[in-house]
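Me: I am new to this structure and would like to know what its terms rest on. Please take them one at a time.

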4 protein chains.
Amino acid sequence: MIRVAVAGASGYMGAELLRLLLRHPEVELTAVTSDRLSGEPLAAAYPHLRGLTTLAFHALEAEWLAGVADVVFLALPHLESQKVVPVLRRHRVKAIDLSADYRLRDPNDYVTWYKAAHLDSQGLGEAVYGLPELHRKSIAAASLVASPGCYPVGAILATAPLLKSGLARLEGIVVDGKSGVSGAGAQGRKADPMYLYTEANENVQAYGITTHRHTPEIEQELSALAGSPVRVSFTPHLVPLNRGLFTTASVPLASTLSTVELVSVYRDFYAGEPFVRVLGEGERPTTRAVIGSNFCDVTVVSDPRTGRATCVSAIDNLGKGGSANGVQNLNIVYGWSERTGLDAPPVYP
Amino acid sequence: MIRVAVAGASGYMGAELLRLLLRHPEVELTAVTSDRLSGEPLAAAYPHLRGLTTLAFHALEAEWLAGVADVVFLALPHLESQKVVPVLRRHRVKAIDLSADYRLRDPNDYVTWYKAAHLDSQGLGEAVYGLPELHRKSIAAASLVASPGCYPVGAILATAPLLKSGLARLEGIVVDGKSGVSGAGAQGRKADPMYLYTEANENVQAYGITTHRHTPEIEQELSALAGSPVRVSFTPHLVPLNRGLFTTASVPLASTLSTVELVSVYRDFYAGEPFVRVLGEGERPTTRAVIGSNFCDVTVVSDPRTGRATCVSAIDNLGKGGSANGVQNLNIVYGWSERTGLDAPPVYP
Amino acid sequence: MIRVAVAGASGYMGAELLRLLLRHPEVELTAVTSDRLSGEPLAAAYPHLRGLTTLAFHALEAEWLAGVADVVFLALPHLESQKVVPVLRRHRVKAIDLSADYRLRDPNDYVTWYKAAHLDSQGLGEAVYGLPELHRKSIAAASLVASPGCYPVGAILATAPLLKSGLARLEGIVVDGKSGVSGAGAQGRKADPMYLYTEANENVQAYGITTHRHTPEIEQELSALAGSPVRVSFTPHLVPLNRGLFTTASVPLASTLSTVELVSVYRDFYAGEPFVRVLGEGERPTTRAVIGSNFCDVTVVSDPRTGRATCVSAIDNLGKGGSANGVQNLNIVYGWSERTGLDAPPVYP
Amino acid sequence: MIRVAVAGASGYMGAELLRLLLRHPEVELTAVTSDRLSGEPLAAAYPHLRGLTTLAFHALEAEWLAGVADVVFLALPHLESQKVVPVLRRHRVKAIDLSADYRLRDPNDYVTWYKAAHLDSQGLGEAVYGLPELHRKSIAAASLVASPGCYPVGAILATAPLLKSGLARLEGIVVDGKSGVSGAGAQGRKADPMYLYTEANENVQAYGITTHRHTPEIEQELSALAGSPVRVSFTPHLVPLNRGLFTTASVPLASTLSTVELVSVYRDFYAGEPFVRVLGEGERPTTRAVIGSNFCDVTVVSDPRTGRATCVSAIDNLGKGGSANGVQNLNIVYGWSERTGLDAPPVYP
């Protein structure tokens, strides 16, 4: 059994990791940290885990963590992970980071988007972007995996086949993301008034318009796929869901193709992927169909009137958009079947 | 007192008209039709109206309607209104049509998008598109007003200032609409499984991708504003709200302008409008803030990185996106203050 | 025009008062207080009020308030109202208190349930319990009205006819209340994790089991109706609604009566009431039918198997359960029609 | 591998069985029936199951079923199961019935509550009521298990320790149940307007007042526990949840006991139960904490003021209130660990 720890488990992303790791057949959960909840049993903070674990939260001490785990998931706020990861790596402990700290290749992007220089340039240089559909081989060899953000997973998986195949024109790509509220509290169940039931219920709004920090992450991966710089106009939205993230991308096409032809390109691109389900003409992804799972449902529709393709994807922001995708990375790193611990069907309804 | 009737009041759009008209100080509600509910008291179908009216539903008979009302709101399915309107007009009864039947100027568009030739070309030729912010003067003189669809209201009000001012480039406009579920059942509380609580709750999905019938309506009005043909890539979404419609439009800019400059263009364009609230830099529209009202909250953000503007608007799909906007048209037609009967603040929370 | 102020308007109860008072034809809203938001325009805290008022929040200063208003609504936390009311009364300003501070006749009850002695025994002695259906005449003559709590309104209106008529046995009454989340934040949009969207959504729970402070208020009024002490077993619940409060009471019957007979007793008891709608056999109250209004829908069903009646009522916790009921009290105090400013039909759907 | 079939899988209860059985390590799902969906792949009706099974729905033919399965779950409407079960039993195929058809011991109860004589009195005589916490030994020996209704599970588990221990007085028990909407469509995703999103959202209502068919089931089991006839006053409610069922029972006590003493009685009664979690003083069950699982969280509070205990429980109506409890019965019948296939923690948030 591999010993696994979760650093920063007081938020929803951490909670979802606990849910998945507690029944993962190849690992033993040995430590869970939260400075705020230090000393409390997990089941006190998470009543759904009553009876399922006797672990208690431990304060975040990197050296201690390195001694009790073979691999550590980090669900810390950004800027915090990069303080812990170097310690873990010095002790040859593997790290799967769910924060933004190791996702961007260009250190300058951290200055631009996060207003802070990166503290661990060596780690940054060795980290692998943890989207298996694009970087499976590198992940398998990695000791530091930077699991992607929820919006980037939705946006990249929705459009990757078009960019990789050269079918997309690279200017004028527009991405619209709609996320459930657990995405907002991923690093802590934040009691911001905006996230109160009475405020978020029966409400839809855009936020971070033109400035959301997931933008450079989307652009980095799409640029790599296209082999040429790509800029996207990205707008995230908060919608009244606990879980779920729906992405709608409008991509200009380099030539006229039918929906059937485009779907065929997607089917080829995702052939053999255990967690991407390409839907055919007339089928429509819904977040409902992926809740609680690591699936990404995706399809594409051609619009000859505008010369564009409409690409849509549905994920669980805590699933493929976060913790479950992190567990898929774990499986790849250790050479287990990618479905290990991720075989529970989505929860419906 | 002007005598008002509602034709087709078994759906949510009709129900909202009843709510507004029952307390409109200048009108008397004299007739309400529904073939399905004919003979039933309104309060039996609409328990919220218990004690507020003794009217009963009447079967839809156009000649009879013409005798009991000075003006008729039609909340019928498309293709049905055009059978009733000619009868009303022959009797010099005014009509405010909430269906799609008189919105498109070009009869060919009905063949293309609705798969049916229009039956009342004379009416179509005289109808005025009932968006007061664009056509106030024509509405004031009209006897037949074609009240716009919910998505077009959101999309047009979000982008009109850019198109009218020549600041937009006309190619590559992308519009993403998110509607509450009452929009889907506007012409009848349809018991389609897709609209079941268990299916629509905790779910987001796109539908009508590249084919939604509100597309030509958006394009017609934006083209008129721009003075040149405009095509939009439009994707509607169903989100778990009873009421509310949020629109995010991405518009390429002809030149680089700051957010402050763009907001100023919007403020000028909507100066004096009683129901459009232009939000400034850093403020964000939310559907929460307009529920139950005729308000449209709108703002615009410049994105120099992509050379685009992100334009967002929030309306109540049954309010400014439907029935309340219809009542504003009524007020204009009769020369009353446009706020008459529409002065109740939005419902919060 | 009567000058009206709202003391403590940073919570949902205060917000609802603003919504109602801004369009009440007989009053002018002259002052709104919130220590936390002092100096901010109302529209900054309440985006739905943009364009509807230019008022700003003022710090809570009782002497100042007394100079700018003829009547003051207090939507303060309990224990705070009793500090302000004596000042207002010294200046002969009327007060309609939405807090719990003047609801209980017996000062000892404050010690028992609120763990604090009452500071204004004179005010307490003169205050009238502001439930018009029971105390209309006293309210009309009152200068200090203690508007009831949301659960008591639901529980009392559901059962009053049985207790007043002597049809109820007084032992073994069980009351189960289900409230929307705005009830919890009535005195401030509290950012307690329990009220986060992600926690309250898709969740039902009981709270304050056997200890909720609305219990003595229910018992006081039911005892007065019965002419003999009544104890109730009361359990409040939090359900995922923004607005709405549903009450289910089980009352043992002194003799066997049919549902039709019981409904008839209710119809007699509430004859002429403008805001209580008694539903007949086979009709069922729903919170949906009263949202945004001052209505209470109520019915009763006999259960010969158990010798009990099941009494159910539906209100909007911010409407008849709070602010709208407060406005009804205002109308009574000033001798206006009780429907003044409360004539908007419920919002549906 | 045991061969398992699901008869009647077009509703939510059947869908949840599929979710659980597809990853149950001891069984192979060999057949799924639905007359309405016959011939369709499961994944067409249930998009969440895309890629997880290649099975298609088969028409309901009892003889055919008997040939392809060792044990059949029936999620049919009541009155339908009793036509299929005798055929299965003739072929020595075991049956776990999720309908009401074999739950009531007294055939007369079917005439009274279901308005129809029972067609299979032999089966009825041999069926075991499938609540493991009360009837584990009988279930282990049974070939026909009548899995209980959702409300009865919540009501019985909330109160059983008080009735079994003699601490309860038997007259005046009041039970209030609040169910998510999937409970209503358990035997078919019914497109009744009452279950539309727009109608069920932001709405709470009671239904089946004094007449709900789960009443005799609750009374049968509580009477058996008490050793004396028990009548309950039961009121079910529809609340806006997809999943979840919360029960609040008020039980008169025979003598005065503290909450601590009562909780201790509960802890003893449920000692060793794998799926009942007894919460201590100050802890509160929530449906949130059990979603997607077979857990029942339960606690009890003493109210010396009224001489009653308030007993509350939280379950997932499709979990412990239905399909997951059915799988627990399966595990007992075959002698597997009761947690087999039921080990996934609840989904949070």
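Reply: Two residues are in contact if their C-beta atoms, placed from the backbone, lie within 7 Å. The model is predicted, and by that cut-off the contact takes 40 residues from chain A and 40 residues from chain B.

Me: What makes up the side of chain A that touches chain B?

Reply: Elements of chain A that each supply at least two residues include β8 (173-179), α9 (197-200), β10 (232-238) and β13 (296-303). With four residues, β11(A) gives the most. By class, this side of chain A has 15 nonpolar, 15 polar and ten charged residues.

Me: Why is the relation of chain A to chain B called that of a two-fold axis?

Reply: A turn of 180 degrees, with a shift of 0.0 Å along the axis, lays chain A on chain B with an RMSD of 0.0 Å. That is the relation of a two-fold axis, so the term applies. The same surface serves both copies, as 100% of the contact residues of chain A recur in chain B.

Me: How do you know that β11 and β14 of chain B pair?

Reply: Pairing needs at least two bridges. Eight bridges join β11 (residues 245-252) to β14 (residues 308-315) in chain B, so the two strands pair. These strands run antiparallel, and Thr247(B) stands opposite Ser313(B) in β14(B).

Me: Which strands of the open sheet in chain B are called edge strands, and why?

Reply: The order of its seven strands is β9-β10-β8-β11-β14-β13-β12, with mixed pairing. The edge strands are β9 (205-206) and β12 (276-278) of chain B; each pairs on one side only.

Conventions: Residues are numbered from 1 along each chain as its sequence is written. Chains are lettered from A and ligands numbered from 1 in the order in which they are written. This is a predicted model: local features need pLDDT of at least 70, side-chain atom pairs count only at pLDDT 80 or more; totals for chains, interfaces and linings use all residues. Ala, Val, Leu, Ile, Met, Phe, Trp, Tyr, Cys and Pro count as nonpolar, Asp, Glu, Lys and Arg as charged, and the others, Gly among them, as polar. Copies are superposed by least squares on the C-alpha atoms of residues with pLDDT of at least 70 in both.
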